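Here's a quick tour for anyone opening this structure for the first time. Have a look around before reading on.

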Amino acid sequence: MDEPMALNVIMMGPPGAGKGTQAEHFARERNLLKVSTGDILREAIKSETPLGCAAKATMEQGKLIDDPTMIGIVRERLMRPDAMQGFVLDGFPRTVAQARALDRIMTERDGGPLIVVDIVVPERDLVRRLADRRICSSCGANADPFDPTESEDRCKRCGGTFVQRTDDSEDVVLKRLKVYERDTRPLVDYYKDRPTFRIVNGAQAPELVAQELAAVIDSAATAREPRRAARLPRVDNRMEPQL
Ligand code: AMP
């Protein structure tokens with residue numbers, strides 16, 4: 001019997017669109033590896049690793065970490081055996097150079113298509129959401145909007161208290177939105193003609209976003225099958241003159 005196809009998903013969208021929350025939820029539901037580059041960097045800062053020390057100031061200013069560093073981190077993570085069953089990427093790629101590198105990594109992995117979901121939210125909602133967002137000061141998890149009691153309470157994973165992210169202050173948020181427009185929005189053009197590209201309305205309750213997201217990911221995963229089947233007759237045609 002055929003192996004089930006790996007689901008390889010990237011969540012795109014501006015800061016505050018809900019990528020992290022939805023990536024976490026979807027990965028948990030489908031038992032997939034979630035890779036969040038922002039979480040990896042925040043963890044490195046907390047543990048004061050060389051990566052964390054080098055990235056701290058750049059992140060606090062709302063700027064992007066350089067492409068070679070980010071590509072190296074993601075490549076190393078996605079080539080490990082536990083990523084071969086599929087993954088959900090949150091926060092990567094953020095530049096066209098990163099997207100090109102991800103295509104090369106996907107070719108090397110040779111394990112299923114890349115499904116690209118763009119979560120769309122109006123800018124006025126983003127600024128408000130980022131001002132309200134809280135993360136756990138201890139484990140770094142987002143307060144879970146699927147559990148309304150948690151945001152008023154303590155982190156249900158580790159019992160830590162919730163704080164505002166240092167880069168969610170108003171001036172840094174405005175900078176991050178500008179960086180998104182300049183460096184990351186061009187990725188929509190990079191991906192939009194692929195049969196596995198989908199848009200989700202992120203301006204709804206988290207449960208509704210999650211439902212829409214699951215539906216479009218499933219449709220994208222099957223959408224490519226007829227294309228693959230359609231290629232077979234072309235092989236036959238090519239062989240005809242030789243017979
Ligand atoms: P996030 O948690 O995804 O909002 O990321 C927080 C910050 O981490 C960003 O504002 C960047 O400074 C840095 N970062 C995360 N992912 C990337 C990436 N793929 N490329 C460059 N910088 C990144």
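What follows goes from the overall fold to the ligand, and ends with a single glycine.

## The big picture

First things first: this is a predicted model. The protein chain has 243 residues, and 33% of them count as buried. Its secondary structure adds up to nine helices and seven strands.

How do the contacts spread along the chain? If you take the contacts with a separation of 6 or more, 75% of them link residues that sit 24 or more positions apart.

## The sheet

Look for the open sheet, which is built from five strands. Reading across, the order is β2-β3-β1-β4-β7, and the pairing is parallel. At the edges you'll find β2 (33–36) and β7 (197–201); each has a single partner strand, so one side of each has no neighbour in the sheet. Going from one strand to the next, the twist averages 20 degrees. As a bit of background, strands of a sheet pair through backbone hydrogen bonds, in either a parallel or an antiparallel way.

For one pairing in detail, try β1 and β4. Strand β1 covers residues 7–12 and strand β4 covers residues 114–120; the two run parallel and are joined by five bridges. If you want a spot to zoom in on, pick I10, whose bridge partner in β4 is V116.

## Around the ligand

Now turn to the ligand, which has 17 residues surrounding it. The closest are T37, G38, L64, I65 and G91. Two elements, α2 (37–46) and α3 (50–60), are the ones that give two or more residues to this shell. Of the elements, α2 contributes the most, with three residues.

What is the shell made of, by class? It has seven nonpolar residues, six polar ones and four charged ones.

## A closer look at G16

G16 sits in the loop between β1 and α1 (19–30). Is G16 buried or exposed? A residue counts as buried when 20 or more other C-beta atoms lie within 10 Å of its own. G16 has 25 other C-beta atoms within 10 Å, so it is buried.

Who are its neighbours? Leaving out residues up to four places away in sequence, G16 touches V121, L126, R129 and L130. There's also A131: it is 115 residues from G16 along the chain, and the C-alpha atoms of the two are separated by 9.3 Å.

Conventions:
Residues numbered from 1 in each chain as written. Predicted model: local features only at pLDDT ≥ 70, side-chain atom pairs only at ≥ 80, totals over all residues. Near = placed C-beta within 6 Å. Helix = DSSP H or I, 4+ residues; strand = E, 2+ residues; numbered from the N terminus. Nonpolar A, V, L, I, M, F, W, Y, C, P; charged D, E, K, R; others polar. Pairing = 2+ DSSP bridges. Axes fitted to C-alpha atoms, helices over the stretch in contact; angles between N-to-C directions. Buried ≥ 20, exposed ≤ 12 C-beta atoms within 10 Å, placed from the backbone. Contact = placed C-beta atoms within 7 Å.
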